[in-house]
Each structure stands twice: as C-alpha cells, then as structure tokens.
Amino acid sequence: MANKAIVWIRDDLRVSDNSALLYANLNHDKVSAIYIFNKENFDNKREAQKWWISKSLESFKEDLDKFNINLELIISEEVKFFSEIKHKDISIYWNKVYEPMQLDLDKKISKILNNKNIEYKFFKGNVLNEFQTIKKKDGTPFKVFSPFWRHAEPIYLDRIPKKEKGLIKLQEKIDLFKSDSRPNNILPVKKWYKKFENYWRVSERESQIQLQKFLKDRILNYGTNRDFPSLNGSSKLSPYIRNGQLNVNNIWRNCSNVKTKNIGIRKYLNELGWREFSHSLINNFPEMLKGNLRKEFDKFPWVKNKKNLNAWKKGLTGYPIVDAGMRQMYETGWMHNRIRMVVGSFLVKHLRIDWKEGEKHFRNCLLDFNEANNVAQWQWVAGCGADAAPYFRIFNPILQGEKFDKNGDYVKKWVPELKNYPARFIHKPWELEDKFQKSINTIIGKDYPKPIVIHENARKDALDAFQSIKK
Ligand SMILES: Cc1cc2nc3c(=O)[nH]c(=O)nc-3n(C[C@H](O)[C@H](O)[C@H](O)COP(=O)(O)OP(=O)(O)OC[C@H]3O[C@@H](n4cnc5c(N)ncnc54)[C@H](O)[C@@H]3O)c2cc1C
C-alpha cells in the first residue's frame with residue numbers, strides 16, 4: 001500500500017462518520033483531501049449551493065488541519081483531473097454519491113485509475129441502505145413508499161453501523177497539487193447569497209449543535225408542528241444532510257438515544273425514509289430525471305407562460321401563501337415542506353406550467369437541493385411520479401393558508417405588504433372592501449398584486465387538461 005493517499009470529497013464535507021477519510025487516515029502516513037469543483041454542474045444550475053459549498057470548504061479545511069490533512073480545492077472537471085494525475089505512489093478513496101451521473105462517474109474514474117495502476121477503493125455514501133439491496137420479492141424495485149419503508153427499515157436496523165472511530169493526527173501535512181484556488185473563487189457572481197449569512201452557520205460543528213437542539217426541544221412535537229410554517233417545527237437540517245456535514249447514520253443513532261420514544265421521532269425517521277425512497281427511485285428509474293415517470297403525462301398540455309412563471313418565481317402571484325413561500329426561498333435558500341407542496345401544486349395545477357420549470361428553479365435556489373428529493377417530490381406534486389398525489393387533488397391555496405397559517409404570521413413575515421391585513425382576509429386579501437384596503441394603505445392591484453388566476457377557473461382548467469390525457 002502506498003504511503004500517500006488522496007480522499008476525493010464530494011457530498012461528504014465532514015470529519016466524523018466519513019468512511020473514505022477514516023480509512024485513508026488509519027492506513028496512510030500522509031493524506032490529502034481534494035474537492036473538485038466542476039463549474040458545469042453549478043453555473044446557472046445550483047447557484048445557491050455555491051455559497052454553501054464555499055463556506056463548507058472553509059470550515060472543513062480548518063477541521064482537517066487539526067489532523068494534518070490538507071484540503072485542496074481543484075477547479076476542474078473530474079475525468080480530466082484524474083486522467084492527468086501524475087502521482088504514482090498513491091492510493092485514492094471516496095464515498096459514493098447515489099445519483100446516476102455520479103455512479104457513472106465512479107465507473108469512469110475506476111477505469112482511468114485501473115489503467116494507471118493506481119490503487120483505489122470506494123465506500124458506502126450518505127444513505128441508510130444501498131438502494132440495490134431494497135427490492136420486492138419478485139426482484140423489482142418498489143414504486144410505493146409504505147411497502148418500501150416497511151421493507152427497508154428492518155433491513156437497516158438489522159445491520160445498523162457502529163459509530164466510526166475518530167481520525168488520528170498524522171505526522172506530516174502534504175500539499176500534492178499546489179492548487180491556488182480558494183473557496184471564495186466559487187461564490188456566485190451575483191451577491192444575493194449575502195442574505196443567507198443571516199440565516200445559516202455552515203460547519204460540521206454547527207450541524208451537530210442544530211441536531212442536538214432539535215432533539216432536545218422540538219422532535220417530540222415534530223409530528224404536529226412540522227406542518228405549520230410559522231413554527232420552527234422541523235429540523236432544518238436538510239442543507240447539512242445534503243452537503244454531508246451530517247451523515248444520516250449519525251442522525252439515526254442520535255434519535256435512537258432519545259429516551260422518550262414517541263410519534264414525533266417515528267415521524268421524523270419516516271421522513272429520512274422518504275429520502276431513501278427518492279434515492280431508490282432515481283437510481284432504479286433514471287429516466288425520471290429527464291421526464292415523467294408515468295408516461296401518460298407526456299401528453300399533458302402544459303402551458304408556456306413566461307409572465308406567470310416569473311410572477312411565481314418572484315412571489316407575485318397574488319396568493320399570499322404561495323408568495324410567502326417563494327420569497328422565503330429566495331431570501332433564505334430554504335422553504336418549509338408544506339409550502340413547497342403548495343407552491344409546487346400552484347405552478348403545475350393552477351398555472352399548468354411543466355413541473356420541470358419548478359424543479360429547475362428550486363435546484364438553483366435551494367441550499368438543500370438534492371437531485372433525488374427534488375425530482376421525486378416535484379413529480380409527486382405533479383401527479384406523474386411514484387406514489388404521487390393524484391393530479392385531480394388540487395390544493396386550494398386559500399384553504400391551505402387558512403388551515404396551516406391561521407393567523408397569517410408566516411405570510412406577514414415574508415409578504416410584509418400585507419402586515420396590516422386582518423387575519424380573516426390575509427389569505428384572500430382581494431375580498432377586503434376597497435374602503436378598508438384604503439384605510440390600511442394596502443390596495444390590492446397596486447401595493448400587492450391581484451391573483452394572477454382565479455382559483456375556481458384554474459381548478460376547472462386543470463381538471464379538463466387532466467381528462468384530456470386519459471382519453
Ligand atoms: C416540490 C418539492 C421539492 C423538494 N426538494 C427537495 C430538495 O431538493 N432537497 C431536499 O432535501 N428536500 C426536498 N424536498 C423535501 C422536503 O421539503 C425537505 O426535505 C424539507 O422541507 C427539509 O426541511 P427539514 O430539514 O426541516 O425537514 P425535516 O422535516 O426535519 O425532515 C428530515 C429530513 O428528511 C428528509 N426529508 C424530509 N421530507 C422529505 C421528503 N418529502 N422527501 C424526501 N426527503 C425528505 C430531508 O433530508 C430532511 O432534512 C422537496 C419537497 C417538495 C414538495
């Protein structure tokens with residue numbers, strides 16, 4: 001075995017529970033970690049995540065320094081980089097990322113390294129189960145969540161991994177590629193990301209702090225509070241999980257240690273199950289990354305309407321709960337789960353705009369964007385995915401607002417134009433009489449838009465469109 005090792009870091013920016021890093025650390029005298037930033041995967045696609053990754057690299061570098069492991073940022077393209085590697089006396093390690101393109105990349109890189117006679121090894125990535133291990137009795141993949149999870153959870157519990165050992169401090173630090181790229185170099189050109197700094201602290205340490213706070217204060221009521229966007233009811237750990245500050249095994253272990261077992265914990269672990277299900281779906285049915293899983297939706301008469309699409313993106317649809325969600329995402333890089341469903345449904349059903357437009361926009365704006373969850377959930381909302389909400393079930397944005405944001409606290413936070421509206425009208429402000437609109441200095445159509453579509457008409461048009469694909 002060579003005495004030097006490279007650990008290729010992707011979505012695993014952490015020192016604990018990082019199998020590839022630990023293996024290199026325990027078996028080699030000198031270890032260098034590299035992060036390859038491939039612009040092709042980010043520019044105009046994952047702009048928000050550039051900020052998170054840039055910050056992660058800064059803190060991860062500091063964490064690795066404590067073990068005399070260098071973190072080198074390489075701005076290149078993966079195949080090119082590994083093809084050009086000159087070092088011979090070296091071993092290379094990485095953790096898997098469960099996206100078809102990344103698994104394909106693993107194969108390409110393995111081939112290159114085989115040809116160069118360079119030793120390499122890769123490890124299980126950030127999932128509970130490898131997706132290939134979860135199959136129905138007849139060997140085919142699951143398309144419905146409940147049986148999938150009923151089958152997958154016991155398999156995981158049967159071989160739940162032990163906590164990994166900690167890293168040891170190496171004698172000497174090495175600088176293999178003398179890269180002069182710095183985390184700042186990958187930040188988006190447009191500085192809108194600056195606002196994210198008010199909402200997030202990005203480091204592995206912070207992910208643990210947030211996890212412990214959630215387990216201590218919020219998980220017991222998670223089952224009920226998670227649905228109300230004005231409450232801090234969910235974990236908000238998704239960006240840490242997505243970028244690998246947190247390993248899902250670590251979360252599971254911590255949840256198992258909570259003394260009072262109750263429905264909140266079950267519900268929370270169930271959500272991690274949905275994440276597993278999404279990963280299983282996109283790998284078993286990779287065609288869904290490009291189009292509808294349910295082929296009958298290929299005939300769906302989507303509407304191309306740039307004006308409505310832009311109104312949706314900017315949070316100017318005239319439906320307060322939709323607009324609040326879109327603005328929350330633009331301001332913070334994150335959106336509440338229920339509201340993701342509401343804004344998603346509004347785009348594909350009220351506006352009848354192709355779900356791929358929404359998926360693309362979320363991909364660019366979410367700090368937790370994850371190909372598996374995003375594509376699977378958009379198709380779930382649109383009705384064309386696995387175990388999806390039926391297309392004919394159309395969320396009414398007024399009733400959703402009244403049910404989950406009764407007093408309008410969430411709307412008032414993100415749509416401050418409506419802060420003086422009485423709760424009764426907060427989700428249908430156009431119904432407030434003109435004289436009262438004047439008295440609170442917020443005129444609908446002037447200070448806040450009129451609804452861009454009328455709910456009842458939009459609903460009918462959506463149902464007609466749905467009938468047309470059934471013929
Ligand atoms: C249209 C749409 C797009 C979405 N896009 C993404 C995305 O790109 N990335 C992403 O991580 N989640 C996505 N989700 C799922 C969900 O909204 C987020 O995971 C959740 O809001 C993150 O907040 P949290 O960490 O507080 O979640 P919690 O409620 O605390 O859940 C715990 C964890 O479970 C996972 N999870 C929760 N809900 C889901 C779900 N429905 N499907 C799969 N995994 C889930 C996440 O990793 C999350 O961090 C999307 C949902 C919808 C409706």
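Two strands are taken to pair if DSSP finds at least two bridges between them. On that basis, five strands of this predicted model form an open sheet with parallel pairing, in the order β3-β2-β1-β4-β5. The edges of the sheet are held by β3 and by β5 (119-123), each of which has a single partner strand, so one side of each is left without a neighbour in the sheet. From one strand to the next, the twist averages 25°.

**Strand β2 and its partners**

Strand β2 covers residues 30-37, and six of its eight residues are buried, so the strand is largely enclosed by the rest of the structure. With strand β1 (residues 4-9) it pairs in the parallel sense over six bridges, and six bridges likewise join β2 to strand β3 (residues 70-75), again in parallel. Some of the residue pairs that can be located along these two strand pairings are collected below.

| Strand pairing | Residue | Residue opposite, or bridge partner |
|---|---|---|
| β1 with β2 | lysine 4 | lysine 30, bridge partner in β2 |
| β1 with β2 | isoleucine 9 | tyrosine 35, opposite in β2 |
| β2 with β3 | serine 32 | asparagine 70, bridge partner in β3 |
| β2 with β3 | isoleucine 36 | isoleucine 74, opposite in β3 |

When reading such pairs on the model, it helps to recall that in a regular strand the side chains alternate between the two faces of the sheet.

The connections between these strands run through helices. Strand β1, helix α1 (residues 19-27) and β2 make a right-handed β-α-β unit, and a right-handed unit of this kind is also made by β2, helix α2 (residues 47-65) and β3. Helix α2 lies across β2 and β3, and its direction makes an angle of about 150° with that of β3.

**Domains and the role of α2 in their contact**

The domain assignment divides the protein into domain 1 (4-125), domain 2 (127-162 + 203-284) and domain 3 (295-470). Between the C-alpha centres of domain 1 and domain 2 the distance is 25 Å, and the two are in contact through 17 residues of domain 1 and 16 residues of domain 2. On the side of domain 1 that touches domain 2, the most is given by α2, with five residues. The residues of that side divide into six nonpolar, four polar and seven charged.

Helix α2 also meets a helix from further along the chain, since the buried residues of helix α14 (residues 355-365) pack against α2 as well as against α12 (320-332), α13 (337-350) and α15 (371-382). Those buried residues of α14 are Trp355, Gly358, Glu359, Phe362, Arg363 and Cys365. For the spacing along such an element, an α-helix has 3.6 residues a turn, so residues three or four places apart point the same way.

**Three loop residues**

Is valine 15, with 21 other C-beta atoms within 10 Å, buried or exposed? A residue is buried if 20 or more other C-beta atoms lie within 10 Å of its own, and valine 15, with 21 of them, is therefore buried, although it is found in the loop between β1 and α1. Leaving aside residues up to four places away in sequence, valine 15 touches Leu21, Asp63, Leu64, Leu167 and Glu204. Its C-alpha atom is separated by 8.1 Å from that of glycine 166, which is 151 residues away along the chain.

Two further loop residues can be described by their backbone angle. Lysine 236 lies in the loop between α7 (222-225) and α8 (238-242), and it has a positive phi of about 55° although it is not a glycine. With 18 C-beta neighbours inside 10 Å, lysine 236 counts as partly exposed. Asparagine 441, in the loop between α18 (434-439) and α19 (455-470), has a positive phi of about 60°, although this residue is not a glycine either. Asparagine 441 has 9 other C-beta atoms within 10 Å and is exposed.

Key: Residues are numbered from 1 along each chain as its sequence is written. This is a predicted model: local features need pLDDT of at least 70, side-chain atom pairs count only at pLDDT 80 or more; totals for chains, interfaces and linings use all residues. A residue is buried if 20 or more other C-beta atoms lie within 10 Å of its own, exposed if 12 or fewer, and partly exposed in between; C-beta atoms are placed from the backbone. Helices (H or I, at least four residues) and strands (E, at least two) are DSSP runs, numbered from the N terminus. A crossover is right-handed if, with the strands pointing away from the viewer, the path from the first strand over the helix to the second runs clockwise. Domain bounds come from an automatic or database domain assignment. Two residues are in contact if their C-beta atoms, placed from the backbone, lie within 7 Å. Ala, Val, Leu, Ile, Met, Phe, Trp, Tyr, Cys and Pro count as nonpolar, Asp, Glu, Lys and Arg as charged, and the others, Gly among them, as polar. Axes are lines fitted to C-alpha atoms, for helices over the stretch in contact, and angles run from 0 to 180 degrees between N-to-C directions.
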